[in-house]
Each structure stands twice: as C-alpha cells, then as structure tokens.
Amino acid sequence: MSGPAWERGLEVRTAAETHALAAALGALLQTGDLLVLTGELGAGKTTFTQGLGEGLGVRAGIISPTFVLVRIHPNLPGGPRPGGPDLVHVDAYRLESAAEIDDIDLENTMDSAVTVVEWGRGRVEHLSDSRLEVELHRPRGGAAGTGTAGIGAAGMPAAADPAGAPRAAADPGVLDFDTDDDDEPRTVVIRGFGPRWAEAPALPGLEPVPATAALPATEPVNTNETVPETTSQTPERNS
C-alpha cells in the first residue's frame, strides 16, 4: 500500500475550533469522497463529523452511529450546498475486516454521498482509490499551541472578544459537540491518498508535519472501553 501524497497538521485548542476546521474542509468535499477518522475516546471524532456536516450542508443532529453502525444525513435543499452530497457516517469499531464493511453495502451510497468512517483504518481502503485520513490526538498535560482560533465555520477569520482573544465565529446554536469532547487542546493530522488528494486542500492553519514529528500510523487501541451489546442495523434513509 502506497503512502500518503502529503501530510498536514495543526493544534486546535477548543471543540469550537475542531468544529470550524472540519466545516471548512466539509465545504470542499465532493460526492464519492471517503474520510477515515482515527482517535481515542473523546478525541473529537464526532465533533469533527458534525463540522463536516455543517460544511456539506446536510441535516443537523449528527451523533455517533455506535449502536446502528451507519447513519445517513441527507443534503438540505435549503442549506448552503443545495443538491450537494449526503453524509454517510459509519462507526466501524465492531467490524473486524473489510468483508464486514462490504456487508453494510457502503458502495451503494458512495455515488451520492461523502462517507466518513470512524475506526475505519485497515477496513475501508478498498472502497475508493482516494481517501483522507484524519487523526485526532489528545495530548496529556500539554499547553495550548497556535491552534485554529482564526478559522470560522466557513474558513473565514473568526471574531475576537473585547479582551482581544480570538473566539470561534460559528453560531453556537449550530454546534452540537460530542458528549465526550471538551476544550482540551488536540492535535489534528490530515493525510491525503490517491489521485483525488494529490494536493493538500487549502485550509487555514494546516502546516506540513515534519517527518520526525509524524504521529503513529497505527489505530489506537481502546483497552478501557466497555462496548454495550447491541444488534447492528442500517437505518432507512429519511427523506
């Protein structure tokens, strides 16, 4: 398997910044795009997906699809991208192989959607010759870095409070953060694979990741997670 065409990273300081970065990326995504999200519990994977949904202009209310494996969020005709792709949000934590991914039939929705797969590394690469891999890491005891305080929900500069400290420009009514998320600083690394992502997207704050500082390419293992037993199912799409 060939390596990434490029690798970019930055530090975000708040859940709002995570959301805003993803919204800026979501505005650039197209039908057929595949994203693979990696990160330990509470790293912000669902918050990141919520931001993608805002940038794509799909129906709000994105939550983790842990109990149903797949959720489909349709494009809103009255949203910022009418006629754009739907969002298919997948949690592959319980799936152990590419064959099990095939059983949930994602290929049938890729022609009309952007597909985002949490815990998808090593399971979904066969679905497309191009993909983005997004890693979110929660440093322990680290100080806030440069962050993305200047990024608004559409990739525009954020406003500042009276004391001069930047704040996220996204409407608080739109933000619906992962319940495990908080404002601890996080490192976000994005890697591009395949012809669709031969060049890195123009996102404010993303910088090349030095080879010596590159984050591990292996999937984190959640040894402390207790996963409730449930029956996996794929819900019908809501029109």
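**Helix α2 and its surroundings in the sheet and core**

Immediately after helix α2, residue G57 adopts a positive phi of about 80°. The model described here is predicted, and the account that follows starts from this helix and proceeds to the sheet and the nonpolar cores.

Helix α2 comprises 12 residues and spans 16 Å from its first C-alpha to its last, close to the 16 Å expected at 1.5 Å a residue. Of the 12 residues of α2, 11 are buried, so the helix is largely enclosed by the rest of the structure. The buried positions are K45, T46, T47, F48, T49, Q50, G51, L52, G53, G55 and L56. The elements that cover them include helix α1 together with strands β2, β4, β5 and β6.

The strands belong to an open sheet of 8 strands, arranged in the order β3-β4-β5-β2-β6-β7-β1-β8 with mixed pairing. Its edges are formed by β3 (70-73) and β8 (207-208), each of which pairs on one side only. Within the sheet, β2 (residues 34-38) and β6 (residues 131-137) are paired in the parallel sense over 4 bridges; in this pairing, L37 stands opposite V134 of β6.

Two helices were examined for their packing on this sheet. Helix α1 (residues 15-26) packs on the sheet through contacts with β1 (6-12), β2, β6 and β7 (186-193), and its direction makes about 145° with that of β1. Helix α2 (residues 45-56) likewise packs on the sheet, where it touches β2, β4 (86-91), β5 (113-118) and β6; the direction of α2 makes about 175° with that of β5. Strands β2 and β6 are thus touched by α1 and also by α2.

The largest nonpolar core contains 27 residues, of which L25, L29, L35, F48, L52, L132 and V188 touch the most other members. At least two residues of this core are supplied by each of β1, α1, β2, α2, β5, β6 and β7. The greatest contribution comes from α1, with 4 residues. The surroundings of L52 illustrate the contacts made by α2: leaving aside residues up to four places away in sequence, L52 touches A22, A23, L25, G26, L29, L35 and V116. Apart from the largest core lies another, made up of 16 residues, among them L34, L69, L95 and L127.

Methods:
Residues are numbered from 1 along each chain as its sequence is written. This is a predicted model: local features need pLDDT of at least 70, side-chain atom pairs count only at pLDDT 80 or more; totals for chains, interfaces and linings use all residues. Side-chain values use heavy atoms; hydrogens and water are left out. Two strands pair if DSSP finds at least two bridges between them. Contact means heavy atoms within 4.5 Å. Axes are lines fitted to C-alpha atoms, for helices over the stretch in contact, and angles run from 0 to 180 degrees between N-to-C directions. The expected span of a helix is 1.5 Å times one less than its number of residues. Buried means under 20% relative accessible area, exposed over 50%, partly exposed in between (1.4 Å probe, protein chains only). A nonpolar core is a set of buried Ala, Val, Leu, Ile, Met, Phe, Trp, Tyr and Cys residues joined through side-chain atoms within 4.5 Å.
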